[in-house]
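Work through the exercises below with the sequence and the coordinates open. Each task is followed by a solution in steps.

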Amino acid sequence: MAECSTYGNFRHGAVLVRGGAVINLGINSEKYSSVGAKYRPEEKGVSTYHAEIKALLNIPRSQTKGAIMYVARASKGKKEDRMSKPCTMCHALMQERGIRQVYYSVDGENIGTYKF
């Protein structure tokens, strides 16, 4: 998914999974996100659509509660994964939507994870 993003050097992709089935997918974009604005500190600037936010859009909490989110970042022009730990804005939205656990790329060989 991250390789599908056209957002400069910050190409992120997200996959939302519940019960072993993919619920939704998302990639980041530079468009303004009113959903993200609720969680983004004003000093951080305008909220854009992050991959995690896109994966959660239009999915009711009844379907996202207990789900797992996978997030990866791809380098522009390279085939290696990069750090993709969710930002505070995405973390807050995932927590509100009942996401159970997040897995994210750290580098080309390692992943990170945390539970809510």
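The model is predicted.

**Exercise 1. Place Tyr-7 in the chain, classify its exposure and list its contacts beyond its neighbours in sequence.**

Step 1. Tyr-7 belongs to the segment before strand E1 (11-18).

Step 2. The relative accessible area of Tyr-7 is 28%. Buried means under 20% and exposed means over 50%, so Tyr-7 is partly exposed.

Step 3. With residues up to four places away in sequence not counted, Tyr-7 touches Asn-28, Ser-29, Glu-30 and Thr-48.

Step 4. For Tyr-7 and Lys-76, the C-alpha to C-alpha separation is 9.2 Å, although they are 69 residues apart in sequence.

**Exercise 2. Describe the surroundings of Glu-30, and state how far Glu-30 is from Thr-64 in sequence and in space.**

Step 1. Glu-30 sits in the loop between E2 and H1.

Step 2. Glu-30 has a relative accessible area of 65%, so it is exposed.

Step 3. Leaving aside neighbours within four places in sequence, the contacts of Glu-30 are Tyr-7 and Thr-48.

Step 4. Glu-30 and Thr-64 are 34 residues apart in sequence, and their C-alpha atoms are 24 Å apart in space.

**Exercise 3. Find which residues of helix H4 are buried, determine how they are arranged about its axis, and name elements that cover them.**

Step 1. Helix H4 spans residues 88-96, and its buried residues are Met-89, Cys-90, Leu-93 and Met-94.

Step 2. Viewed down the axis of H4, these residues fall within an arc of 125°, so they line one face of the helix. The general rule behind such a pattern is that an α-helix has 3.6 residues a turn, so residues three or four places apart point the same way.

Step 3. The cover over the buried residues of H4 includes two helices, H1 (34-37) and H2 (51-56). It also includes strands E3 (68-74), E5 (101-105) and E6 (111-115).

Step 4. Just after H4, Gly-98 has a positive phi of about 80°.

**Exercise 4. Search the whole structure for salt bridges and characterise what is found.**

Step 1. The search returns one salt bridge.

Step 2. The partners are the side chains of Glu-96 and Lys-38, with an N to O distance of 3.4 Å. The cut-off for this distance is 4 Å.

Step 3. The pair links distant parts of the chain, 58 residues apart: Glu-96 is in helix H4, and Lys-38 is in the loop between H1 and H2.

Step 4. Glu-96 is partly exposed, because its relative accessible area is 36%. Lys-38 is exposed, at 62%.

**Exercise 5. Is Ser-84 buried or exposed, and what does its side chain reach?**

Step 1. Ser-84 lies in the loop between strand E4 (81-82) and H4.

Step 2. Its relative accessibility is 1%, so Ser-84 counts as buried.

Step 3. The side chain of Ser-84 reaches the backbone oxygen of Val-71 at a distance of 3.0 Å.

Step 4. Beyond neighbours within four places in sequence, the contacts of Ser-84 include His-12, Glu-52, Arg-73 and Tyr-104.

**Exercise 6. Contrast Ala-55 with Leu-25 in exposure, and locate the nonpolar patch that includes Leu-25.**

Step 1. Ala-55 lies in helix H2, and Leu-25 lies in strand E2 (residues 21-27).

Step 2. With a relative accessible area of 0%, Ala-55 is buried. Leu-25, at 41%, counts as partly exposed.

Step 3. The C-alpha atoms of these two residues, Ala-55 and Leu-25, are separated by 4.8 Å, and the residues are 30 apart along the chain.

Step 4. Ala-55 is in contact with residues beyond four places in sequence, among them Ala-14, Leu-16, Leu-25 and Met-69.

Step 5. Met-1, Val-22 and Leu-25 make a nonpolar surface patch of about 260 Å².

**Exercise 7. What is the sign of phi at Asn-58, and where is this residue found?**

Step 1. Phi of Asn-58 is positive, near 60°, in a residue other than glycine. Most residues other than glycine have a negative phi.

Step 2. Asn-58 is found in the loop between H2 and helix H3 (61-64).

Step 3. The relative accessible area of Asn-58 is 79%, so the residue is exposed.

Note on methods
Residues are numbered from 1 along each chain as its sequence is written. This is a predicted model: local features need pLDDT of at least 70, side-chain atom pairs count only at pLDDT 80 or more; totals for chains, interfaces and linings use all residues. Side-chain values use heavy atoms; hydrogens and water are left out. Patches are made of residues with over 30% relative accessible area and no salt bridge: like charges are joined within 9 Å, nonpolar side chains (Val, Leu, Ile, Met, Phe, Trp, Tyr) within 5 Å. Accessible areas come from the Shrake-Rupley method with a 1.4 Å probe; for residues, only the protein chains shown count as cover. Helices (H or I, at least four residues) and strands (E, at least two) are DSSP runs, numbered from the N terminus. Buried means under 20% relative accessible area, exposed over 50%, partly exposed in between (1.4 Å probe, protein chains only). The arc is that of the directions from the helix axis to the C-beta atoms. Contact means heavy atoms within 4.5 Å. A polar contact is a pair of N or O atoms within 3.5 Å; within protein, one must be able to donate a hydrogen and the other to accept it, and residues adjacent in sequence count only if both atoms are side-chain atoms.
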